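Work through the exercises below with the sequence and the coordinates at hand, and try each task before reading its solution.

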Amino acid sequence: GIPFAGPQSTDQYCLRCFECCVKCLGVLPYASLFATILLYAGVALFCGCGHEALSGTVTILQNYFEVVRAETLDVLTMIDILKYVIYGVAAAFFVYGILLMVEGFFTTGAIRDLYGDFKITACGRCVSAWFIMLTYIFFLAWLGVTAFTSLPVFMYFNIWTICQNTTVVEGANLCLDLRQFGMVTIGEERKVCTGSEKFFKMCESNELDMTFHLFVCALAGAGAAVIAMVHYLMVLSANWAYVKDACRMQKYEDIKSKEEQELHDIHSTRSKERLNAYT
């Protein structure tokens, strides 16, 4: 039969499990983990909400501004291109987050003790410097994305404000002309005025309100990605400082051991010479 595991065996098993859990928690690079979670949340929010907001924009342009697709490069084609760009951004930063997380694992003290001083090698220093440069470029890129995303938020906020104050602007003749935003050419007249039936239908529809709030969420996601890039820069800079200190310490230890070996050799040689002279 199966031998009975007594209380002592159970306590030893629980102790080993506890030590294993503590060891795993010590391996985790918490700073890189926090930055990765923030990056994934920001990219997911930006890509998901941005994609749906662009789809809502297409619906508004076609239903209320009567914008049709042309064979040339028009606003609808540019929106389709932006959707494909969003797909690429989501895939690229998913991979980049994994790479930075792996880099964070190799800079943790527990991993370094298990696998040796990987980061002290010349390859490790080059990888750290490359990640710092690449993260800084992505930081500037996300700043530009955040500024670009704020433009449709500002446009939709103006439209949404006009719709929310229809009683105030009831006597005024205000028009929303797409030529003012550069969405159509000067020769095309695509506008909706406050007193028209299309304006009231657009204000009462769910597309306008939903698209505006989706762009706001996309802007928040881009801001979260910027904060994640800043956090990554701090983590990578700290790792780079550790690499330099570890490299200097390693050189110091090599020089010290070499000098001690030379002193030992000199002492041994002199002892032999004294012994030979005595004999």
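A contact here means heavy atoms within 4.5 Å. The model is a predicted one.

**Exercise 1. State what share of the contacts in the protein with a separation of 6 or more comes from residues 24 or more positions apart, and describe the order of the elements.**

Solution. Begin with the elements: the protein has seven helices and two strands, and from the N terminus on they follow the order α-α-α-α-α-β-β-α-α. Then turn to the contacts with a separation of 6 or more, of which 78% are between residues 24 or more positions apart. Finally, consider burial: 33% of the 279 residues count as buried.

**Exercise 2. Find which residues touch the most other members of the largest nonpolar core, and which element gives the largest share of this core.**

Solution. The largest nonpolar core holds 49 residues, and those touching the most other members are Leu39, Leu61, Phe65, Trp142 and Met202. Two or more residues each come from α2 (30-64), α3 (75-106), α5 (122-164), α6 (197-204) and α7 (206-278), and the largest share, 13 residues, is that of α7. To look at one member in detail, take Leu39: leaving aside residues up to four places away in sequence, Leu39 touches Phe93, Gly97, Ala225, Ala228, Met229 and Tyr232.

**Exercise 3. Determine what surrounds Asp74, and whether its side chain is with or without a salt bridge.**

Solution. First locate Asp74, which is found in the loop between α2 and α3. Next apply the cut-off: a salt bridge requires a side-chain nitrogen of Lys or Arg within 4 Å of a carboxyl oxygen of Asp or Glu. The nearest side chain of opposite charge, Arg69, is 5.4 Å away, and Asp74 is therefore buried without a salt bridge. The side chain of Asp74 does, however, make a polar contact of 2.5 Å with that of Thr77, and, not counting residues up to four places away in sequence, Asp74 touches Val68 and Arg69.

**Exercise 4. Compare the salt bridges of Lys198 and Asp177, and say how accessible each partner is.**

Solution. The structure holds four salt bridges. In one of them, Lys198 pairs with Glu66, with the closest N and O atoms 2.2 Å apart; this pair links distant parts of the chain, since Lys198 lies in helix α6 and Glu66 in the loop between α2 and α3, 132 residues apart. Lys198 is partly exposed at 31% relative accessibility, and Glu66 is partly exposed at 45%. In another, Asp177 pairs with Arg179 at 2.9 Å between the closest N and O atoms; here Asp177 counts as buried at 10% relative accessibility, whereas Arg179 is partly exposed at 28%.

Key. Residues are numbered from 1 along each chain as its sequence is written. This is a predicted model: local features need pLDDT of at least 70, side-chain atom pairs count only at pLDDT 80 or more; totals for chains, interfaces and linings use all residues. Side-chain values use heavy atoms; hydrogens and water are left out. A nonpolar core is a set of buried Ala, Val, Leu, Ile, Met, Phe, Trp, Tyr and Cys residues joined through side-chain atoms within 4.5 Å. Buried means under 20% relative accessible area, exposed over 50%, partly exposed in between (1.4 Å probe, protein chains only). Helices (H or I, at least four residues) and strands (E, at least two) are DSSP runs, numbered from the N terminus. Lys and Arg count as positive and Asp and Glu as negative; His and the chain ends are not counted. A polar contact is a pair of N or O atoms within 3.5 Å; within protein, one must be able to donate a hydrogen and the other to accept it, and residues adjacent in sequence count only if both atoms are side-chain atoms.
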